[in-house]
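This report covers a few strands, a helix pair and a single residue. The sequence and structure come first.

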Amino acid sequence: MEQTNSAATQVEAMISLRNLRVSYGEREILHGIGFDVMRGETLVILGGSGSGKSTLLRTLVGLEKPSSGEIWLKGKNIAAISSHEMDEIRKKIGMSFQGGALFGSMTVGENVALPLREHTKLEDSTIEIILRLKLDQVGLSGFENYMPSQLSGGMKKRAAVARALAMDPEILFFDEPSAGLDPIIAAGVDELILDLKKAFHMTIIVVTHELASAFLIADRMVLIDKGNVVAIGSTEEMRSSTHPRVRQFLDRIAEPAVSEELDYLQMLTEEHRHPGR
Amino acid sequence: MELTTQIGESVTDGLAYLGALTKLGGRAAYCTFIAPFQGKPLRIQRAVSQAMQTGVGALPILSLITFFIGLILALQSAYELRKFGALNYVASAVAISMTRELGPLITAIVVIGRSGSAFAAEIGTMKVTEEIDALETMAIDPVHFLVTPKFIAMIVMLPCLTIWANSMGILGGALFGVAQADFTLVRYVQSSLDALFLRDITTGLIKSVMFGITITAVGCHEGLSTGAGAEQVGRSTTRAVVVSIFLVILVDLVFTALFFFMSAR
């Protein structure tokens with residue numbers, strides 16, 4: 001499902017995907033994804049488990065190599081650039097992982113300061129100031145000497161956001177920001193994302209299956225199903241969509257288990273015909 | 001037909017594994033020798049703390065084990081030497097077999113158990129909790145950040161540990177020598193030293209460096225290739241130990257043969 005691109009949106013687009021395909025070995029996960037992410041917008045990628053939304057996110061930050069297609073990010077096709085160029089782009093993006101992915105052997109402060117120490121030649125005192133600023137932004141001031149294991153789930157996620165913000169990224173990626181959090185803490189994380197959006201006009205891409213949080217933070221949404229884009233549009237467009245798959249996802253209708261008796265019979269006989277498969 | 005297919009498959013798998021280890025070692029070597037000149041400084045501090053863990057931390061258990069090994073060697077060689085009334089050769093038998101073979105090997109096996117497994121578990125856990133991915137998205141090379149300090153620590157510490165192990169082994173032998181073979185401690189140590197050529201010690205040390213490279217490469221490779229899920233960490237830790245022991249013995253064989261044919265010429 002390709003979008004039509006006028007010249008104006010080309011200029012505005014921060015990330016453009018063109019016919020993106022990703023495979024793990026023989027199995028193709030994404031079958032030709034294409035959409036644009038505009039500068040300064042918050043795009044939520046929705047999809048059920050196994051829909052390929054996490055793979056899409058991993059491909060966008062360069063953790064998976066697409067088997068074909070293009071990803072234009074800051075004017076470069078990251079599907080076909082050297083690892084050195086990719087590293088340069090990565091310094092301009094931040095990623096908050098599902099479980100936080102903080103380094104367990106370092107304090108929260110060392111975690112947040114790590115990208116600065118690695119990629120800049122700033123004085124320790126400057127790094128200290130930036131560190132305090134970033135922790136303040138996510139509401140964790142005073143926690144720099146705690147170990148990640150001493151933090152609660154929500155605080156870990158906040159610390160991970162602080163680390164993702166350390167290099168003042170232009171694009172921020174979130175993988176399941178509210179997964180594993182209770183509703184109140186999850187609402188706090190949503191609030192944080194909204195604050196970041198308001199304060200820095202960052203381009204934010206969030207992968208989630210939490211509908212409430214998605215409608216709260218999104219400017220636009222993409223629904224991914226079985227490796228294809230089903231629908232893309234603003235939150236209102238999604239809400240009023242009549243597409244059956246969109247309706248099913250938004251209205252939380254369970255998948256019919258096995259639709260036809262005949263299919264079921266066929267499934268059984270298939271299994272019988274190839275024993276041991 | 002089945003059999004040849006299976007043999008072919010396991011040979012190519014084995015070669016691919018060795019290739020992956022070589023690649024990892026090569027990248028670590030690049031990070032050690034070339035990257036510092038391209039503005040990516042070495043992590044000396046991490047290497048030092050790693051060396052403390054793998055080296056200094058291993059001293060008590062290694063001392064005990066090699067002391068016993070030295071004693072066992074003395075007992076075993078005395079069993080045979082006694083028949084020829086050549087009990088005073090115990091010292092040289094223990095010294096030579098310790099420095100040439102058992103010192104490096106026992107050290108390697110103790111280090112596999114303590115550090116090789118720990119490397120796999122540490123990196124494997126980081127892989128499972130997406131910490132390795134996080135490093136990559138921050139444009140930090142995991143090999144540069146995690147693996148290279150381990151290589152440096154092991155290459156420095158394994159020969160040091162081996163020298164220590166050699167001396168503890170000789171001391172273990174001395175216990176038998178003094179108690180059973182009319183040696184004094186000074187005379188035992190003296191005749192051990194007399195029996196040794198510098199070559200015996202250096203070949204042992206060269207081997208121990210190779211063991212250090214092998215153990216680190218296997219431990220880190222197993223860690224980095226951990227799949228998803230906590231049980232996979234256990235699996236890669238076990239594999240790291242088993243594969244390391246096998247490869248260390250293989251490297252030992254290759255180098256022993258090499259030294260043998262080199263000295264024959």
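In which sense, and over how many bridges, do strand 4 and strand 9 of chain A pair? Strand 4 of chain A pairs with strand 9 (residues 203-208) of chain A in the parallel sense, over five bridges.

## Model and conventions

This is a predicted model, in which local features need pLDDT of at least 70, side-chain atom pairs count only at pLDDT 80 or more, and totals for chains, interfaces and linings use all residues. Residues are numbered from 1 along each chain as its sequence is written, and chains are lettered from A and ligands numbered from 1 in the order in which they are written.

The predictor gives the complex an ipTM of 0.83 and a pTM of 0.85. For chain B the mean pLDDT is 92, with 100% of residues at 70 or more; pLDDT is the predictor's confidence in each residue, from 0 to 100.

## Strand 4 of chain A

Helices (H or I, at least four residues) and strands (E, at least two) are DSSP runs, numbered from the N terminus. Strands pair if DSSP finds at least two bridges between them. Besides its pairing with strand 9, strand 4 of chain A pairs with strand 10 (residues 220-225) of chain A, in the parallel sense over five bridges. Leu46(A) has Thr208(A) of strand 9 as its bridge partner, and Val44(A) stands opposite Met221(A) of strand 10.

Six of the six residues of strand 4 (residues 42-47) are buried, that is, 20 or more other C-beta atoms, placed from the backbone, lie within 10 Å of their own (exposed: 12 or fewer; partly exposed: in between). In a regular strand the side chains alternate between the two faces of the sheet. Here Thr42(A), Val44(A) and Leu46(A) lie on one side and Leu43(A), Ile45(A) and Gly47(A) on the other, and both faces are covered.

## Helices 3 and 4 of chain B

The axes of helix 3 (residues 59-81) and helix 4 (residues 90-128) of chain B come within 9 Å and cross at roughly 145°. Axes are lines fitted to C-alpha atoms over the stretch in contact, with angles from 0 to 180 degrees between N-to-C directions.

The contact (C-beta atoms, placed from the backbone, within 7 Å) includes Ile65(B), Ile69(B) and Leu73(B) of helix 3 and Val94(B), Met98(B) and Ile106(B) of helix 4.

## Arg21(A)

Arg21(A) is in strand 1 (residues 13-24) of chain A. Arg21(A) is partly exposed because 17 other C-beta atoms lie within 10 Å. Its C-alpha atom is 9.3 Å from that of Lys65(A), 44 residues apart along the chain.

Conventions:
Contact = placed C-beta atoms within 7 Å.
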